[in-house]
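Thanks for asking for a second pair of eyes on this one. My notes follow, as numbered points to read alongside the model.

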Amino acid sequence: MEHKTNFFKTTAGQVVIITICYAVTLSIVLLPATLGAVIALMCVYFGWKALDRIQPVYFLWLPIIGWIIYFIVKVIISYMIGLFVAPFKIGNKNYKMM
């Protein structure tokens, strides 16, 4: 019987995740504006998906300005969550390809 372990619970997995976290953060800050913006959008994407999993599904009755404020706040929160979630998702996809 083969015993499968979670790669991210090993020391090597933690080093990979920390390295990806630093790479994502430094690339947003140091790379040219367009590439940094692409990486920031990736963080928003992964953060949005993570936020949708924990946010209850409900319909809001808001005026147009309320919807604009809602989506601006959600994008900002998604970016902040994405800074932490994106390295795990990217690392997990790379680990599955190996």
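1. Let me start with Ile69, which counts as partly exposed because its relative accessibility of 48% falls between the 20% and 50% cut-offs. Please keep in mind throughout that this is a predicted model. Ile69 sits in helix 3, and it is one of the residues of a nonpolar patch on the surface. The other members are Ile64, Ile65, Ile68, Ile72, Val73, Ile76, Ile77 and Met80. Together, the residues of this patch have about 840 Å² of accessible area.

2. A word on the overall layout. The protein chain has three helices and zero strands, giving the pattern α-α-α when read along the sequence. The chain has 98 residues, of which 24% count as buried.

3. Confidence deserves a look before the details. The mean pLDDT of the protein chain is 76, with 72% of its residues at 70 or more. Where is confidence lowest, and where is it highest? The lowest mean, 73, belongs to helix 1 (residues 11-30), while helix 2 (residues 33-54) has the highest, at 81.

4. How many salt bridges does a search of the whole structure find? There is one, and it joins Asp52 to Lys74, with the closest N and O atoms 2.8 Å apart. The pair links distant parts of the chain, since Asp52 belongs to helix 2 and Lys74 to helix 3, 22 residues apart. In general terms, side chains of opposite charge can pair when their charged atoms come close. The two side chains also make a polar contact, again listed at 2.8 Å.

5. The two partners of that salt bridge fall into separate accessibility classes, so I would look at each in turn. Is Lys74 buried or exposed? Lys74 counts as buried because its relative accessibility of 9% is under the 20% cut-off. Asp52, with a relative accessible area of 37%, is partly exposed.

6. Now for the aromatic rings, where the search of the whole structure finds five pairs. One of them is formed by Tyr45 and Phe46: their ring centres are 5.4 Å apart and their planes meet at 65 degrees, so the pair is edge-to-face. The angle is what decides the label here, because planes over 60 degrees apart count as edge-to-face. Phe46 is buried, at a relative accessible area of 12%, whereas Tyr45 is partly exposed, at 47% relative accessibility.

7. Trp67 and Phe71 give a stacked aromatic pair, with 5.7 Å from centre to centre and 25 degrees between the planes. Both residues lie in helix 3 (residues 64-97). They are four residues apart, about one turn of the helix. Trp67 has a relative accessible area of 24% and is partly exposed; Phe71 is partly exposed too, with 37%.

8. Which residues do ring pairs link into a cluster? They are Trp48, Trp67, Tyr70 and Phe71, so the stacked pair from the previous point belongs to this cluster. Trp48 is placed in helix 2 and counts as partly exposed, at 24% relative accessibility. It is worth displaying Trp48 with Tyr79 as well: the two are 31 residues apart in sequence, and their C-alpha atoms are 7.7 Å apart in space.

9. To draw the threads together, helix 2 and helix 3 are linked by the pair of Asp52 and Lys74. Helix 2 also holds Trp48, and ring pairs join Trp48 into a cluster with Trp67, Tyr70 and Phe71. Of these, Trp67 and Phe71 lie in helix 3, as does Ile69 from the opening point.

Terms used. Residues are numbered from 1 along each chain as its sequence is written. This is a predicted model: local features need pLDDT of at least 70, side-chain atom pairs count only at pLDDT 80 or more; totals for chains, interfaces and linings use all residues. Side-chain values use heavy atoms; hydrogens and water are left out. Rings of Phe, Tyr and Trp (its six-membered ring) pair if their centres lie within 6.5 Å; planes under 30 degrees apart count as stacked, over 60 as edge-to-face and the rest as tilted. Buried means under 20% relative accessible area, exposed over 50%, partly exposed in between (1.4 Å probe, protein chains only). Helices (H or I, at least four residues) and strands (E, at least two) are DSSP runs, numbered from the N terminus. pLDDT is the predictor's confidence in each residue, from 0 to 100. Patches are made of residues with over 30% relative accessible area and no salt bridge: like charges are joined within 9 Å, nonpolar side chains (Val, Leu, Ile, Met, Phe, Trp, Tyr) within 5 Å. Accessible areas come from the Shrake-Rupley method with a 1.4 Å probe; for residues, only the protein chains shown count as cover. A salt bridge is a side-chain nitrogen of Lys or Arg within 4 Å of a carboxyl oxygen of Asp or Glu. A polar contact is a pair of N or O atoms within 3.5 Å; within protein, one must be able to donate a hydrogen and the other to accept it, and residues adjacent in sequence count only if both atoms are side-chain atoms.
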